[in-house]
Amino acid sequence: MGETYLEDFWVGSYCVSTNYSNATSRVHDRGLAWKQIEASIAIPGIYPPVVIDNQLHVDGGVVDNLPIETMYNYPVRHIIAISLTQLKSRPVDFDETPSAAAMLWDKITGKKKFRLPGITSILVNSLTLNSRQKQEMTKSGVAIYLEMELKGIGMMDDSRWKEIVQKGHDQMKAILESLPKEERFWQPLEKKSIE
């Protein structure tokens, strides 16, 4: 992005980070685009924090994983929210946490009897627990809400971005087609003929 600033984008744009130094959300709508965006996706434990105005900034999802309320400050009539993290419960199919030996044997034999989340997933989910609760409460304030189904695709698996884009397209198309005509705000309602 070079020396491009967020305020120079052809369409109004912003991103959100978490100010780690004072534990608050920060909306970035001005400044060097690459730096503001980098701050908004600096996942703790994976990417280093970004320094902006002498403050450390990390991924905005730590405080608010789906910053819907931020949109209320803009002249937007209909908000479309797409969540990449599903809020579904993910039960396991065993009663006790397997021992290290059992997990090693599982890995060696390739049976995959124990499906436990990886350390990255555990860290990120632990950091965003409060954010997920907030997401559940605020999603009712949008015109269209989609939780993407990305089962089998890891959060850091950027090699499958084309597949993710296609999944997003297909899932959103299905959602839009399933909406009743009166909820399709992008299409004018048919005028009833007066007889």
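**Figure 1. I82 and the nonpolar patch around strand β5.** I82 sits in strand β5. The model shown here and in every figure below is predicted. I82 is partly exposed, because its relative accessibility is 40% and the buried class ends under 20%. Strand β5 covers residues 80-83. I80 and I82 form its uncovered face. A81 and S83 form its covered face. I80 and I82 also belong to a nonpolar surface patch, together with L84, F185 and W186. The patch measures about 460 Å².

**Figure 2. Strand β5 beside strand β6.** β5 runs parallel to β6, which spans residues 144-147. The two strands are joined by 4 bridges. A81 of β5 faces Y145 of β6. A81 lies on the covered face of its strand.

**Figure 3. Two nonpolar cores.** Where do nonpolar side chains tend to be in soluble globular proteins? They tend to be buried together. In this model the largest nonpolar core has 7 residues. Its members are I144, L146, M148, L150, I153, M172 and L179. Another core, of 6 residues, lies apart from it. L66, I79, A81 and Y145 are among the residues of that core. A81 and Y145 are also the pair that stand opposite each other across β5 and β6.

**Figure 4. I153 and the R160–E163 salt bridge.** I153 is a member of the largest nonpolar core. Beyond its neighbours within four places in sequence, I153 contacts R160, E163, I164 and K167. Two of these partners, R160 and E163, form a salt bridge with each other. Their closest N and O atoms are 2.9 Å apart. R160 is partly exposed at 26% relative accessibility. E163 is partly exposed too, with a relative accessible area of 33%.

**Figure 5. The D53–R26 salt bridge.** How many salt bridges does a search of the whole structure find? It finds 2. One of them joins D53 to R26. Here the closest N and O atoms are 3.4 Å apart. The pair links distant parts of the chain, 27 residues apart. D53 lies in the loop between β3 and β4, and R26 lies in strand β2, residues 24-28. Is D53 buried or exposed? D53 is exposed, because its relative accessible area is 57% and the exposed class starts over 50%. R26, at 28% relative accessibility, is partly exposed.

**Figure 6. The β3–β4 hairpin and strand β1.** β3 and β4 form a hairpin with 2 residues between them. D53 is in the turn and has a positive phi of about 55°. The two strands pair in the antiparallel sense over 3 bridges. V50 stands opposite H57 of β4. β4 also pairs with β1, again antiparallel and over 3 bridges. There, H57 is the bridge partner of N19.

**Figure 7. D59 in strand β4.** D59 is found in β4. Is this residue buried or exposed? D59 counts as buried, because its relative accessibility is 18% and the limit is under 20%. Apart from residues up to four places away in sequence, D59 touches S17, T18, A39, S40, I41, A42, I43 and P44.

**Figure 8. T4 and its partners.** T4 lies in the segment before β1, which covers residues 15-19. T4 is partly exposed, with a relative accessible area of 32%. Which residues does T4 contact, leaving aside its neighbours within four places in sequence? They are F9, G31, L32 and A33. T4 and G31 are 27 residues apart in sequence. Their C-alpha atoms are 8.4 Å apart in space.

**Figure 9. Helix α3 and G110.** Helix α3 spans residues 100-109. The helix lies largely in the open, because the number buried among its 10 residues is 1. G110 comes just after α3 and takes a positive phi of about 70°.

**Figure 10. The whole chain.** The chain has 6 helices and 6 strands. Along the sequence they follow the pattern β-β-α-β-β-α-β-α-α-α-β-α. Of the 195 residues, 27% are buried. The chain exposes about 14,100 Å², and carbon and sulfur atoms supply 57% of that area. Among contacts with a separation of 6 or more, 57% involve residues 24 or more positions apart.

Conventions
Residues are numbered from 1 along each chain as its sequence is written. This is a predicted model: local features need pLDDT of at least 70, side-chain atom pairs count only at pLDDT 80 or more; totals for chains, interfaces and linings use all residues. Side-chain values use heavy atoms; hydrogens and water are left out. A nonpolar core is a set of buried Ala, Val, Leu, Ile, Met, Phe, Trp, Tyr and Cys residues joined through side-chain atoms within 4.5 Å. Buried means under 20% relative accessible area, exposed over 50%, partly exposed in between (1.4 Å probe, protein chains only). Contact means heavy atoms within 4.5 Å. Two strands pair if DSSP finds at least two bridges between them. Patches are made of residues with over 30% relative accessible area and no salt bridge: like charges are joined within 9 Å, nonpolar side chains (Val, Leu, Ile, Met, Phe, Trp, Tyr) within 5 Å. Accessible areas come from the Shrake-Rupley method with a 1.4 Å probe; for residues, only the protein chains shown count as cover. A salt bridge is a side-chain nitrogen of Lys or Arg within 4 Å of a carboxyl oxygen of Asp or Glu.
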